[in-house]
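Trainee: I should be grateful for a close look at a single strand of this model and at its surroundings. Please explain the terms as they arise.

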Amino acid sequence: MTAAKPQTSAAWPVPPPDGYTVDHLLTLPDLPPHTELIDGSLVFVSPQRSFHTLTMFVLEAGLHRTVPGELRVRREMTVVIDTRQGPEPDICVLRAEGIPDDENDETYYRARHVILAVEVVSPDSEKRDRERKPQLYAQAGIRHFWRVERGEDGLPRVHVYELDETTRAYGLTGIHHDQLKLSVPFTIDIDLTTVQRL
């Protein structure tokens, strides 16, 4: 008995000679949801696992509870850094001035308006979430970055970073286990164990 060959119905896109740009990312038809542009290459995201989804829900809800009026919380939106970089943080906090009055058709935000980028690490994106994307966020001047990992107990571990303006690199300011309690970029108090009760 021979194994059945997988059926494919779509042709793979052929990249332009100089790589993709943000214009391609924003205008190419039929790209999979949550496609990112990293170093001029399109990155397709695998389906997310429960830990990822539940952790995003807890963090997003916690941020919404305490975010000041001049800031906004958004999830899974492209952040345009330059013509070759359009990553999509799992969550970001940005200045309200960076959001158009009619946001209904908005598909991206500019990095200059973002003050916090959050990445929940997934098996298919470990290297990007731990290395490349923090580099891009730091180089873009995004002052705060959180990298969220799954602990051995199944709970989120939030690694909190702050930008060193001199080196344009992030420095670790703390690793939070059960409770995420911070005073910057604003007062934040999130019970991470809530993930177990959802």
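Mentor: A definition is required at the outset: a residue counts as buried if its relative accessible area is under 20%. The model under discussion is a predicted one, and the part chosen is strand S5, which covers residues 91-95. Of the 5 residues in strand S5, 4 are buried, so the strand is largely enclosed by the rest of the structure.

Let us turn to the partners of this strand. Strand S3, residues 71-75, pairs with S5 in the antiparallel sense, and 5 bridges connect the two. Within this pairing, leucine 94 in S5 has arginine 72 opposite. Strand S7, residues 114-120, also runs antiparallel to S5, to which it is joined by 4 bridges. Here leucine 94 stands opposite valine 114 in S7.

The nonpolar interior comes next. The largest nonpolar core has 24 residues, and those touching the most other members are Leu59, Leu63, Val93, Trp146, Leu180 and Ile190. At least two residues of this core come from each of several elements, including S3, S5, S7 and S12. Helix H2 is the greatest contributor to this core, with 5 residues. Another core, of 16 residues, lies apart from the largest one, and Cys92, Val114 and Tyr137 are among its members.

Leucine 63 shows how such contacts are arranged. Setting aside residues up to four places away in sequence, leucine 63 touches Ile91 and Val93, and also Val73, Leu116, Trp146, Phe186, Ile188 and Ile190.

Two charged residues elsewhere in the model may be set beside this picture. Lysine 133 belongs to helix H3, residues 126-139. Lysine 133 has a relative accessible area of 1%, and it is therefore classed as buried. Beyond its neighbours within four places in sequence, the contacts of lysine 133 are Glu36, Ile38, Pro87, Glu88, Glu119 and Arg128.

Aspartate 191 lies in strand S12, residues 188-191. With a relative accessible area of 26%, aspartate 191 is partly exposed. Its side chain makes a polar contact with the side chain of threonine 193, at 2.5 Å. When residues up to four places away in sequence are not counted, aspartate 191 touches Val58, Asp178, Gln179 and Arg197. Between aspartate 191 and aspartate 18 there are 46 Å in space, C-alpha to C-alpha, and the two are 173 residues apart in sequence.

To return to the strand requested: S5 is largely enclosed, because 4 of its 5 residues are buried.

Notes:
Residues numbered from 1 in each chain as written. Predicted model: local features only at pLDDT ≥ 70, side-chain atom pairs only at ≥ 80, totals over all residues. Heavy atoms only, no water. Buried < 20%, exposed > 50% of the residue type's maximum accessible area, 1.4 Å probe, protein only. Contact = heavy atoms within 4.5 Å. Polar contact = N/O pair within 3.5 Å; in protein donor to acceptor, adjacent residues only side chain to side chain. Pairing = 2+ DSSP bridges. Core = buried A, V, L, I, M, F, W, Y, C linked by side-chain atoms within 4.5 Å.
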